[in-house]
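Please explain how this structure is put together, in terms that a first-year student can follow. The account should proceed step by step and refer to the residues by name.

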Amino acid sequence: MIKFTDVQKYYGSFHALHDINLEIKDGETVVLIGPSGSGKSTLLRTINGLETVESGQLIVDGQDVASSATNLNKLRTNVGMVFQHFNLYNNKTILENITLAPKIVLKRGDKENREIAEKLLERVGLADQINKYPSQLSGGQQQRIAIARSLAMNPLAILFDEPTSALDPEMVGSVLDVMREIASNKEYTTLVVTHEMDFARAVADRVIFMADGRILEDAPTDKFFDHPESERARKFLSQVEHH
Ligand SMILES: Nc1ncnc2c1ncn2[C@@H]1O[C@H](COP(=O)(O)OP(=O)(O)OP(=O)(O)O)[C@@H](O)[C@H]1O
């Protein structure tokens with residue numbers, strides 16, 4: 001579903017992604033971890049074309065993301081993204097937030113759109129909030145709405161970019177629970193950038209460890225946590241485990 005071959009990414013003269021080779025299969029749950037500034041968000045954002053790549057090949061859902069012929073809007077329909085700062089429309093109700101893109105992009109009719117929104121709100125535990133506005137909800141609730149909104153597009157893949165980093169600690173659990181349920185269903189290819197190691201350990205099929213713009217390890221979850229190969233990963237794990 002997603003395949004990087006020798007991908008390089010620069011911000012000006014700064015080499016942000018080095019020689020990325022990575023293949024992610026349909027339905028897989030992959031967690032990206034690593035120190036701050038290691039390129040995790042950059043890598044994630046290349047997948048739906050939010051960041052360009054300078055060389056190499058990046059195939060997502062059969063299309064070359066780096067090619068100018070690729071329709072990025074269509075790509076983003078198939079690859080949903082959940083951001084650190086929810087990015088909801090504050091002047092629209094929860095129902096409108098969830099139904100707007102399917103209405104415009106997928107031309108989904110109002111009745112079906114509402115039914116799907118109701119089901120998704122049920123799924124994220126917020127069925128009773130359908131007519132509220134984002135500002136009336138907690139950060140954790142807003143993030144669960146953002147997740148429902150991305151699922152409403154029926155994506156093939158969903159990218160989570162540090163979805164709990166901006167939340168108060170007591171809000172984190174409910175968002176991780178929703179993500180855990182989504183990942184365990186294997187309906188979507190799921191990629192998560194997170195600093196939540198317990199979540200990574202419990203949910204990921206595979207862990208990608210990055211440092212300095214490189215993939216240093218790509219391993220099954222238990223193997224990575226129990227026997228990390230690189231000194232960098234060992235150091236990183238010992239630091240995060242002491243928090
Ligand atoms: N738009 C940009 N312009 C220039 N440099 C950038 C830009 N975005 C990111 N960078 C740099 O690229 C590197 C990788 O950033 P990125 O956000 O991908 O790291 P990260 O691993 O996700 O970090 P964090 O865990 O802190 O979010 C960093 O050194 C960052 O300063």
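**From the ligand to the loops**

In this predicted model, the ligand is surrounded by Tyr 11, Phe 14, Ala 16, Gly 34, Ser 36, Gly 37, Ser 38, Gly 39, Lys 40, Ser 41 and Thr 42. Two elements, strand β2 (14-24) and helix α1 (40-47), each supply two or more residues to this shell. The greatest contribution is that of α1, which gives three residues. By character, the shell consists of seven polar residues, three nonpolar residues and one charged residue.

The strand β2 also belongs to an open sheet of four strands, arranged in the order β2-β1-β4-β5 with antiparallel pairing. At the edges of this sheet stand β2 and β5 (63-64), each of which pairs on one side only. Within the sheet, β1 (residues 2-11) and β4 (residues 55-60) run antiparallel and are joined by five bridges. In this pairing, Gln 8 is placed opposite Ser 55 of β4. The helix α1 packs on the sheet, where it touches β1, β2 and β4, and its direction makes an angle of about 60° with that of β2.

Attention now turns to the interior. The largest nonpolar core comprises 64 residues, and those with the most contacts inside it are Leu 32, Ala 148 and Leu 159. Helix α6 (residues 169-185) provides the largest share of this core, namely six residues. Leaving aside residues up to four places away in sequence, Leu 32 touches Lys 40, Leu 43, Leu 44, Leu 191, Val 192, Val 193, Ile 208 and Met 210. Of these contacts, Lys 40 is also one of the residues around the ligand.

A further antiparallel pair is formed by β9 (residues 206-211) and β10 (residues 214-220), which six bridges join. Here Val 207 faces Ala 219 in β10. The two strands make a hairpin with two residues between them, and Asp 212 in the turn has a positive phi of about 50°.

Most residues other than glycine have a negative phi. Two loop residues may be considered in this light. Asn 154, which is not a glycine, has a positive phi near 50°, and it is found in the loop between α5 (139-151) and β7 (157-161). Lys 186, likewise not a glycine, has a positive phi of about 60°, and this residue lies in the loop between α6 and β8 (189-193). Are these residues buried or exposed? Asn 154 is partly exposed, because 15 other C-beta atoms lie within 10 Å. Lys 186 also counts as partly exposed, because it has 13 C-beta neighbours inside 10 Å.

Notes:
Residues are numbered from 1 along each chain as its sequence is written. This is a predicted model: local features need pLDDT of at least 70, side-chain atom pairs count only at pLDDT 80 or more; totals for chains, interfaces and linings use all residues. A nonpolar core is a set of buried Ala, Val, Leu, Ile, Met, Phe, Trp, Tyr and Cys residues joined through C-beta atoms within 7 Å. A residue is buried if 20 or more other C-beta atoms lie within 10 Å of its own, exposed if 12 or fewer, and partly exposed in between; C-beta atoms are placed from the backbone. Two residues are in contact if their C-beta atoms, placed from the backbone, lie within 7 Å. A residue is near a molecule or strand if its C-beta atom, placed from the backbone, lies within 6 Å of it. Ala, Val, Leu, Ile, Met, Phe, Trp, Tyr, Cys and Pro count as nonpolar, Asp, Glu, Lys and Arg as charged, and the others, Gly among them, as polar. Two strands pair if DSSP finds at least two bridges between them. Axes are lines fitted to C-alpha atoms, for helices over the stretch in contact, and angles run from 0 to 180 degrees between N-to-C directions.
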